[in-house]
Amino acid sequence: MMKRIRVLVAKPGLDGHDRGAKVISRALRDAGMEVIYTGLRQTPEQIVETALQEDVNVIALSVLSGAHTYLFPRVMELISEKGMKDVIVIGGGVIPESDICALKATGIREIFTPGTNTRRVIEFIQTAVGE
Amino acid sequence: MFNEKKLTEIEQSQKTWQDKLDKSLAKFPERQKFAVKSLYTPLDNAKSDYLAEVGLPGEFPFTRGIQQGMYRTKLWTMRQYSGMASAEESNQRYKYLLAQGQTGLSVAFDLPTQIGYDSDHPLAQGEVGKVGVAIDSLADMEALFDGISIEKVSTSMTINGPAAVLLAMYVAVGEKQGAKPEALSGTIQNDILKEYIARGTYIFPPQPSMRLITDTFAYCSQNIPKWNVISVGAYHIREAGATAVQEVAFAFANAIAYIDAALKVGLNIDDFAPNISWIFTADLDLFEEVAKFRAARRLWAGIMKERYGATKPKSQMLRFHVHTAGSVLTAQQPDNNIARITWQALAAILGGTQSLATCAKDEAISLPTEDSARLALRTQQLLAYESGAAKTVDPLAGSYYVEQLTDRIEQQAKEYIAKIDSLGGAAIAIEKGYMQAEMSVCAYAYQREIENNERIVVGVNKFVNDDEVQSGDYLKVDPVAGEKQRQRLSELKAKRDNDRVAKTLAALRQAANGTENLMPYLIDAVKTYATLGEICGVLREVFGEYKANLEV
């Protein structure tokens with residue numbers, strides 16, 4: 001039997017809007033994945049440490065405050081420092097299209113903006129983990 | 001309105017009509033099942049006692065509005081939520097909006113400020129000036145209101161955890177401008193319970209947070225009589241996934257907890273209740289939203305009169321600000337948001353709001369640009385001066401549909417409040433995760449409806465433009481804003497009288513360990529340019545910090 005996909009849904013920074021993070025957590029769980037939610041106000045260090053401890057396949061970052069330009073690349077730096085090559089990182093939130101290219105250049109695999117169908121996220125994760 | 005004979009006639013006619021409708025539906029089925037009926041008639045309101053339940057504007061139970069003349073006498077206050085980057089940049093935006101005809105100010109603070117951290121705190125990295133203005137000390141607050149007479153303009157501040165500290169700064173700015181505290185008018189949000197369930201910008205645990213709130217109630221009733229001591233946040237509860245009924249019910253349950261806490265420390269209901277204000281959302285379902293405002297007014301009037309024995313009419317009036325719903329705006333085809341915002345604002349106006357903030361069309365993408373902020377304000381001005389919506393009071397009253405919806409929302413909200421009472425009140429219900437769980441189920445169900453096409457969102461799951469390209473014209477906060485702010489903070493710390501700062505912080509610590517009202521100590525501390533982070537740091541040491549429950 002295939003191992004269940006493990007996902008860390010993380011809220012880096014001080015943003016408290018977690019409706020999206022909670023909805024996506026439920027959707028991923030309904031799709032058969034194991035989901036760990038960090039709760040609010042996590043530092044990039046805490047997130048990467050949790051990802052390591054929990055041995056997750058995917059880190060899903062959610063930020064609506066505009067701080068993604070600092071927080072997302074910082075998470076990627078730490079992942080690279082720890083040599084976590086197999087972890088897939090995706091991001092979501094209020095993120096302008098013009099920031100997406102730069103974020104992907106840091107190694108983030110995909111950015112999902114408001115209005116994204118959760119099925120798209122599920123399929124993306126399943127395909128990416130299966131690769 | 002209708003006698004028995006007339007009602008029987010209507011009932012018979014309606015039966016005949018229903019037969020015809022059923023035959024027609026056999027051939028042409030309804031395009032969708034809705035939770036509301038296809039038709040409302042006087043039968044839906046047959047048992048209504050007009051004067052007791054609906055009545056006249058400006059009179060108990062205030063269903064039709066809190067003033068006799070409403071917008072015929074004075075339009076609502078146009079108060080756009082605004083703030084970004086530094087105090088100077090936000091000051092420029094305020095002056096611009098006032099010059100464009102805005103009639104009140106509403107300050108958006110950045111997240112470090114909202115959570116009581118200075119801009120140089122490690123957790124503030126990347127957040128300074130992003131969702132609002134960075135305020136570290138009185139110096140920033142002085143710059144924020146530079147050239148704006150706060151005696152003449154009322155200011156609403158969206159601040160909760162450290163609301164008492166920001167109010168202290170506002171009082172100090174007033175003093176510097178020569179304005180006496182009794183001349184100041186405005187609002188601090190000061191609603192911590194909704195932060196635990198909906199918005200996440202809490203600092204301290206519930207008990208000391210409640211003390212800070214009752215301290216502001218007591219201080220303002222003595223010293224700043226025109227100040228709204230709390231703006232109970234229904235808005236944030238709805239935005240976090242609640243239904244219209246839950247929005248009203250959970251916010252009311254929180255308000256009941258604040259009132260109980262204030263009564264427990266010996267305050268008199270009619271001394272502080274007139275200064276309780278509210279913030280609601282205006283979501284997409286126009287008629288449900290109008291009914292929600294009417295139901296909320298009636299329900300609150302009843303709670304104040306019957307549960308608390310408040311006798312002043314102003315204590316019984318639900319006075320509220322409306323902010324149109326940000327969560328339903330779409331990043332896809334953002335111009336569509338202009339239309340959404342317009343009818344949301346119309347719902348607020350038809351619902352009798354006292355003050356209104358309209359979202360800007362680009363808010364699902366970033367902070368608003370100056371152009372989109374102006375258009376959002378113009379939307380209100382168009383509705384005020386061109387739409388005719390402000391010509392008469394409560395124009396949808398008497399609509400069989402709206403009256404029935406009003407009754408339903410009130411009834412269902414009452415049931416929720418009774419349930420929360422039975423759990424031991426809002427604070428305990430929150431600790432048990434009751435409200436969070438109810439909202440979480442609804443938020444997920446809402447998302448499922450969109451994904452199953454049971455709920456249509458234009459541009460998202462229907463009428464989609466595959467070739468859509470997002471415009472590059474959106475507001476970017478200067479990435480060096482954080483650096484500049486940290487620089488400024490370090491200069492301030494070098495030049496202020498640090499002995500005086502230490503003394504006022506020590507006095508604050510002592511008071512926090514006791515039971516005295518903290519407001520005078522906070523005012524003394526901010527006047528020495530003690531920073532928000534230092535002040536909240538002292539309170540964090542004494543009060544501890546809140547840790548959230550992680551259930552999803």
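**Questions on the fold of chain A and the domains of chain B**

Guide: From the N terminus on, chain A follows the order β-α-β-α-β-α-β-α-β-α. This is a predicted model, in which local features need pLDDT of at least 70 and side-chain atom pairs count only at pLDDT 80 or more, while totals for chains, interfaces and linings use all residues. Residues are numbered from 1 along each chain as its sequence is written.

Visitor: What makes a stretch of chain A a helix or a strand?

Guide: Both are DSSP runs, helices being H or I with at least four residues and strands E with at least two. Chain A has 5 helices and 5 strands by that criterion.

Visitor: Why is chain A called as compact as a globular protein of its length?

Guide: The globule rule is 2.2 Å times the number of residues to the power 0.38, and the radius of gyration is taken over C-alpha atoms. For 131 residues the rule gives 14 Å and chain A has 13 Å, which is close, so chain A is as compact as a globular protein of that length.

Visitor: What makes a residue of chain A count as buried, and how many do?

Guide: Buried means under 20% relative accessible area, with a 1.4 Å probe and protein chains only. Of the 131 residues of chain A, 56% count as buried.

Visitor: How do you know which residues of the two domains of chain B are in contact?

Guide: Contact means heavy atoms within 4.5 Å. By this definition, 19 residues of domain 1 of chain B are in contact with 14 residues of domain 2 of chain B. The domain bounds come from an automatic or database domain assignment, and the centres of the two domains, taken over C-alpha atoms, are 27 Å apart.

Key: Chains lettered and ligands numbered in written order. Heavy atoms only, no water. Buried < 20%, exposed > 50% of the residue type's maximum accessible area, 1.4 Å probe, protein only.
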